[in-house]
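Please look through the structure shown here and consider on what grounds each label is given. The questions below take the labels in turn and set each against its cut-off.

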There are 2 protein chains.
Amino acid sequence: MELQEAKDRFIHTWGTLATQWGINRTMSQIHALLLLSPKSLNADEIMEELQISRGNVNMNLRDLMSWGLIYKQLLPGERKEYFQAEKDIWKAARQIGRERRRRELSPILETMEDIKKGVSDDSPESADFLKVVNDIYAVAGFADNTLDLVTKSEESWLTSTFVKLFK
Amino acid sequence: MELQEAKDRFIHTWGTLATQWGINRTMSQIHALLLLSPKSLNADEIMEELQISRGNVNMNLRDLMSWGLIYKQLLPGERKEYFQAEKDIWKAARQIGRERRRRELSPILETMEDIKKGVSDDSPESADFLKVVNDIYAVAGFADNTLDLVTKSEESWLTSTFVKLFK
DNA sequence: TTGAATTTTCAAAATATTCTGAAAGTTTTC
DNA sequence: GAAAACTTTCAGAATATTTTGAAAATTCAA
């Protein structure tokens, strides 16, 4: 297999995997492309490479920046904006963890707290309901703490201490 | 706030949150409904409660079963099938962890292994590419191991030992 | 068996998401 | 300050996903 062929396969597969877990295919493919690119790329190059429109590229680049997975780079003597992926995969993974925590876990915690406030715990039915809400709160809180911990750790610590500790 | 109102809010919110992280709204709502229901429900009751079609109910019930989050119950003297949610939220969460591991992490690990096999590591360009692939493999493997560990632990251990250990 | 009760399937409709491309907006250069 | 270079926006088009509901399949009691 040619290297280019393998890269294309990587980009394509990465996009397909992403859709499986609720992430936009194009966003993943742009991310994969930038991950594999030794130099940073501008919008035109990404359009050309992935055969997609300018609007699509622009939108997904901003999305990727909001996830903290790519950076904008202004090259001296160049008018165009260039983009570069965070190449440290462990760092990128921690970033994804932080964002998912913020986007997925925080809303659950907030909602459960809100709902708890609105229910008076005097009937047995209320108690049953509150038990479910409290349990979900506890599980989400556990996940939140764990993810917080992991995203604050260094790769070296994660791969050595953590894994060994639990072997 | 009436208890019923709070329950409805819970069901509705749970559905909305779910769409935010790539899960079908109706599936989440059925799950929430069953979580809150003291008795198991049949398809007609779910249709009525959530105002959705029979086909939709059937499809999502099967989906929920494939996630191991609900069980089919055959009541003596009843022709209809009844459904019950796993009420132990910690158990349900571990089940979700197991499934996500299988559905999201395993495919990454397999794909990365596959891609590695197809590239000969003799050029510097290949080496760069393989580094990315290997790093992703390592991160996914770490996530896979961690999730495996957590999903095999009991609630009591998770909430006491685990959290304290890392405080 | 038969047929009534129930579940499953699936093509078409409804809805939601993503993508395009041209127009509008912004920045930089001269 | 005009115009060229570039980026952003967004309405409509394309695509993908979800939902419906009626028909087909299955189950079960008699």
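**Labels and their grounds**

Q: Why is Glu104(B) called buried?
A: In this predicted model, Glu104(B) has a relative accessible area of 16%, and because buried means under 20%, Glu104(B) is classed as buried.

Q: What makes Arg100(B) and Glu104(B) a salt bridge?
A: Their side chains meet with N to O at 3.5 Å, and since a salt bridge asks for a side-chain nitrogen of Lys or Arg within 4 Å of a carboxyl oxygen of Asp or Glu, the pair of Arg100(B) and Glu104(B) counts as a salt bridge.

Q: Why are Arg100(B) and Glu104(B) separated by about one helical turn?
A: Both belong to helix α5 (residues 89-117) of chain B and are 4 residues apart, which means a separation of about one helical turn.

Q: How do you know that Lys80(B) and Asp44(B) form a salt bridge, and what does the pair tie together?
A: The N to O value for Lys80(B) and Asp44(B) is 3.2 Å, which is to be set against the cut-off of within 4 Å, so the pair qualifies as a salt bridge. Lys80(B) lies in the loop between β2 (70-74) and β3 (81-85) of chain B, while Asp44(B) lies in helix α3 (residues 43-50) of chain B, so that the pair ties together parts 36 residues apart in sequence.

Q: Why are Lys80(B) and Asp44(B) called partly exposed?
A: Lys80(B) has 40% relative accessibility and Asp44(B) has 30%; because partly exposed is the class between under 20% and over 50%, Lys80(B) is partly exposed, and Asp44(B) is partly exposed as well.

Q: What makes Arg101(A) and Asp144(A) a salt bridge that links distant parts of the chain?
A: The closest N and O atoms of Arg101(A) and Asp144(A) are 2.9 Å apart, and the cut-off is within 4 Å, so the two form a salt bridge. The pair links distant parts of the chain, with Arg101(A) in helix α5 (residues 89-117) of chain A and Asp144(A) in helix α6 (residues 124-151) of chain A, 43 residues apart. Arg101(A) and Asp144(A) also belong to a network of salt bridges with Asp148(A) and Lys152(A).

Q: Which of the labels buried and partly exposed applies to Arg101(A), and which to Asp144(A)?
A: Arg101(A), with a relative accessible area of 22%, is partly exposed, whereas Asp144(A), at 12%, counts as buried, because the limit for buried is under 20%.

Q: How do you know that β2(B) and β3(B) pair?
A: They are joined in the antiparallel sense over 5 bridges, and because pairing requires at least two bridges, β2(B) and β3(B) count as paired. Within this pairing, Tyr71(B) stands opposite Gln84(B) in β3(B).

Q: Why is one side of β1 and of β2 of chain B left without a neighbour in the sheet?
A: The open sheet of 3 strands in chain B has the order β1-β3-β2, with antiparallel pairing. β1 (41-42) and β2 stand at its edges, each with a single partner strand, so one side of each has no neighbour in the sheet.

Q: What makes Asp8(A) eligible for the negative surface patch?
A: Asp8(A) has a relative accessible area of 39%, and because patch residues need over 30% and no salt bridge, Asp8(A) passes the accessibility cut-off. Asp8(A) forms the patch together with Glu2(A), Glu5(A), Glu48(A) and Glu49(A).

Note on methods
Residues numbered from 1 in each chain as written. Chains lettered and ligands numbered in written order. Predicted model: local features only at pLDDT ≥ 70, side-chain atom pairs only at ≥ 80, totals over all residues. Heavy atoms only, no water. Patch = residues over 30% accessible without salt bridge, like charges linked within 9 Å, V, L, I, M, F, W, Y side chains within 5 Å. Areas by Shrake-Rupley, 256 points an atom, 1.4 Å probe, with all protein chains shown as cover. Lys, Arg positive; Asp, Glu negative; His and termini not counted. Charge placed at Lys NZ, Arg CZ, Asp CG, Glu CD. Buried < 20%, exposed > 50% of the residue type's maximum accessible area, 1.4 Å probe, protein only. Helix = DSSP H or I, 4+ residues; strand = E, 2+ residues; numbered from the N terminus.
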